[in-house]
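Please open the model in your viewer, with the sequence panel beside it, and follow the selections below in order.

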Amino acid sequence: MSHTRVAVVGAGCGGQSLIAQLARSGKVAANEITVFDPSTEHHYQPGYTSIAGGVYGDATTTKASYEAKHVVRRQDELFSQTQGVNWSKKAVTSFNPSANEISLSDGSKATYDVLVVNPGLALRYDQIKGA
């Protein structure tokens, strides 16, 4: 079982912002922060609205080209901006706050001193009847 001072569930906008601010504050060393997120890409959700609304181009340009430029970033690029932060590419499957413990998708567990939960969203249109 591993231990981290600060466990951050989710590496989206909230998680990335938090780890950068914590690491730069000097109150927590970057290597004392572990982010749990299996995603290899970060999708800046508000960017999709800008593509659809024409802010990031027009009808003559493909959605994919604007998506690659303005919306989708590789997580390792984002983590490289805050050196020293630990990134666990495992999903959190359950929380045990009374033991300061999380269970991970590979069956392992991790303990923490401080837990931040901001897992973001997953678009699951397949779960909508009739969609």
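Begin by selecting helix H1, where the buried residues are Gly15, Gln16, Ile19 and Ala20. These four cover an arc of only 125 degrees around the axis, which puts them on the same side of H1. In general, an α-helix has 3.6 residues a turn, so residues three or four places apart point the same way. Now show the C-alpha atoms at the two ends of H1 (residues 13-25): at 1.5 Å a residue its 13 residues should span 18 Å, and the end atoms are 18 Å apart, which agrees. Just past the helix, select Gly26, which follows H1 and has a positive phi, near 85 degrees.

Before going further, colour the chain by confidence, since this is a predicted model. The mean pLDDT of the protein chain is 81, and 69% of the residues score at least 70. Among the elements, helix H3 (residues 63-71) has the lowest mean, 61, while strand S7 has the highest, 98. Where pLDDT is low, the predicted coordinates should not be read in detail.

Zoom out next to take in the whole chain, in which there are four helices and eight strands, running from the N terminus in the order β-α-β-β-α-α-β-α-β-β-β-β. Of the 131 residues in the protein chain, 29% are buried. Among contacts with a separation of 6 or more, 64% join residues that lie 24 or more positions apart.

Now select the strands of the open sheet, six in number, which lie in the order S5-S2-S1-S8-S7-S6 with mixed pairing. Strand S5 (86-88) and strand S6 (92-96) stand at the edges with a single partner strand each, so one side of each is left without a neighbour in the sheet. From one strand to the next, the twist averages 40 degrees.

Within this sheet, select strand S1 (residues 2-9) together with strand S8 (residues 109-117), which pair in the parallel sense over seven bridges; here His3 has Thr111 of S8 as its bridge partner. Adding S2 shows another parallel pairing, that of S1 and S2 over four bridges, in which the bridge partner of Val6 is Ile33. Displaying the side chains of S2 (residues 33-36), you will find Ile33 and Val35 pointing one way and Thr34 and Phe36 the other way, with all of them buried.

Move next to S6 and S7, which pair in the antiparallel sense over four bridges, with Ile102 of S7 as the bridge partner of Phe95. These two strands form a hairpin with four residues between them. Select Ala99 in the loop between S6 and S7; at 38% relative accessibility, Ala99 counts as partly exposed. Its C-alpha atom and that of Tyr112 are 9.0 Å apart in space, although the two residues are 13 residues apart in sequence.

In that loop, also select Asn100, which lies between S6 and strand S7 (101-104) and is partly exposed, with a relative accessible area of 29%. What is the phi of Asn100? Phi of Asn100 is near 50 degrees, a positive value in a residue other than glycine. Most residues other than glycine have a negative phi.

Continue along S7 itself, where Glu101 and Ser103 point one way and Ile102 and Leu104 the other way, and all are buried. Pause on Glu101, which has a relative accessible area of 14% and is buried. Leaving aside residues up to four places away in sequence, Glu101 touches residues that include Met1, Phe95, Lys109 and Tyr112.

Finally, bring in S7 and S8 as a pair, joined in the antiparallel sense over three bridges and forming a hairpin with four residues between them, where Gly107 in the turn has a positive phi of about 95 degrees. Ser103 stands opposite Lys109 in S8. Is Lys109 buried or partly exposed? At 35% relative accessibility, Lys109 counts as partly exposed. Not counting residues up to four places away in sequence, Lys109 touches Met1, Ser2, Glu101, Ile102 and Ser103. As a last selection, join the C-alpha atoms of Lys109 and Met1, which are 5.4 Å apart in space and 108 residues apart in sequence.

Notes:
Residues numbered from 1 in each chain as written. Predicted model: local features only at pLDDT ≥ 70, side-chain atom pairs only at ≥ 80, totals over all residues. Heavy atoms only, no water. Pairing = 2+ DSSP bridges. Axes fitted to C-alpha atoms, helices over the stretch in contact; angles between N-to-C directions. Buried < 20%, exposed > 50% of the residue type's maximum accessible area, 1.4 Å probe, protein only. pLDDT = per-residue confidence, 0-100. Contact = heavy atoms within 4.5 Å. Expected span 1.5 Å × (residues − 1). Arc of directions from axis to C-beta.
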